Each structure stands twice: as C-alpha cells, then as structure tokens.
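Dear colleague,

I am passing on the structure that we talked about, and I would be grateful if you could look through it alongside the notes below.

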Amino acid sequence: MAEMFSTLGTWNWLIFGFLLMALELLAPGVFMFWLGLAALLVGLVSFAINPSWQTQLLMFAIFAIAAVPAWRYFARSAGSSNLNSPFLNRRTEALIGREFTLEKPIVDGSGTVRIDDTIWRVAGPDAPAGSRVKVVRADGASLTVAVA
C-alpha cells in the first residue's frame, strides 16, 4: 500500500482529477467537480515542486476542504443573479406596461405588433396600423393591449 502512495506523481493526480470531473458528468451534484479540481491543483503544484506523497495527500485534503466554502460562495452568487432577472422564465410578463406601435391593425379584436425582432399577436379594441398600444396582460404567446 505504501508503494502505491509513493508512486503518486503529477500525471496520476491529473488523471484522477479528470476522472472525478468525468464522474460529475455522469452523476451531477457538483460534489465530484470540486474534488476533481483539488486533484488537478495537486497535479499542477506537483509540476512546480516535487513533494513527497504525504505532502501530496495533505495538499489534496486541504484543497478539497477549501473547495466547500468556494462552492458555497459560487452557489450563492449564482443564486442571487436569478433575483436580478425575475422574468427569466416569464418573458412575456416583462412586456406588461410597455408601449408599442401596431404593425397590422387590430380588426375584430386581433392584430400584430413587432417587438424587437419578433411579431406578436395582440388582442384588444380595434385600432389602425401605426397606433400606439400598451400591453395590459400577457397570456402565453398572446398579448392583450389597450390603446395608449
């Protein structure tokens, strides 16, 4: 067993790190990624200096333990970015209250408006093309408008 540890080298750590990261792809949970990153760091440090196998295992343990606060920091910052974009999965709701120009007139309660590079179907009171309308409700891919 001691011989196995004494033969730990730079390439073994790098291979071990990539294997752990590959396992993360098979069973996602963000746990193996950080252990793989710790192993890769030990491999990279071992290129610069040639530590003993005991030092390599100690470095792996330290890097793996340091990965927990790093993971919490990145997870917290990624979670707060979703708070900055509350309409991420409800983009049509972000259109409520905005004003647009009708591309095609609203006839019998149905017309179209161009928003950026997309043509949206709108429902509302009859209005000629070129009229300004305000979005009052979003229902799926259909917008309800009122004359602005």
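What follows is a short account of the fold, the nonpolar cores and the aromatic pairs.

Please keep in mind that this is a predicted model, in which local features need pLDDT of at least 70 and side-chain atom pairs count only at pLDDT 80 or more, while totals for chains, interfaces and linings use all residues. Residues are numbered from 1 along each chain as its sequence is written, and side-chain values use heavy atoms, with hydrogens and water left out.

The protein chain holds 4 helices and 5 strands, where helices (H or I, at least four residues) and strands (E, at least two) are DSSP runs numbered from the N terminus. Read from that end, the order of the elements is α-α-α-α-β-β-β-β-β. Of the 148 residues in the protein chain, 26% are buried, a word that here stands for under 20% relative accessible area, with exposed meaning over 50% and partly exposed in between (1.4 Å probe, protein chains only).

The largest nonpolar core (buried Ala, Val, Leu, Ile, Met, Phe, Trp, Tyr and Cys residues joined through side-chain atoms within 4.5 Å) has 14 residues, and I115, V122 and L143 have the most contacts inside it. Two or more residues of this core come from each of β1 (99-107), β2 (110-115), β3 (118-123), β4 (132-139) and β5 (142-147). Leaving aside neighbours within four places in sequence, V122 is in contact (heavy atoms within 4.5 Å) with residues including L102, I106, L143 and V145. A second, separate core of 7 residues includes W13, V42, M59 and A64.

W13 also takes part in the aromatic pairs, of which there are 5 when rings of Phe, Tyr and Trp (its six-membered ring) are paired if their centres lie within 6.5 Å, with planes under 30 degrees apart called stacked, over 60 edge-to-face and the rest tilted. W13 and F16 form an edge-to-face pair, at 6.2 Å centre to centre and 70° between the planes; both lie in helix α2 (residues 10-26), 3 residues apart, which is about one turn of the helix. W13 is buried, since its relative accessible area is 5%, whereas F16, at 35%, is partly exposed. F33 and W34 form another edge-to-face pair, with 5.1 Å between centres and 85° between the planes; here F33 is partly exposed at 33% relative accessible area, while W34 is buried at 14%. Finally, ring pairs link W13, F16 and F60 into a cluster.

With best wishes
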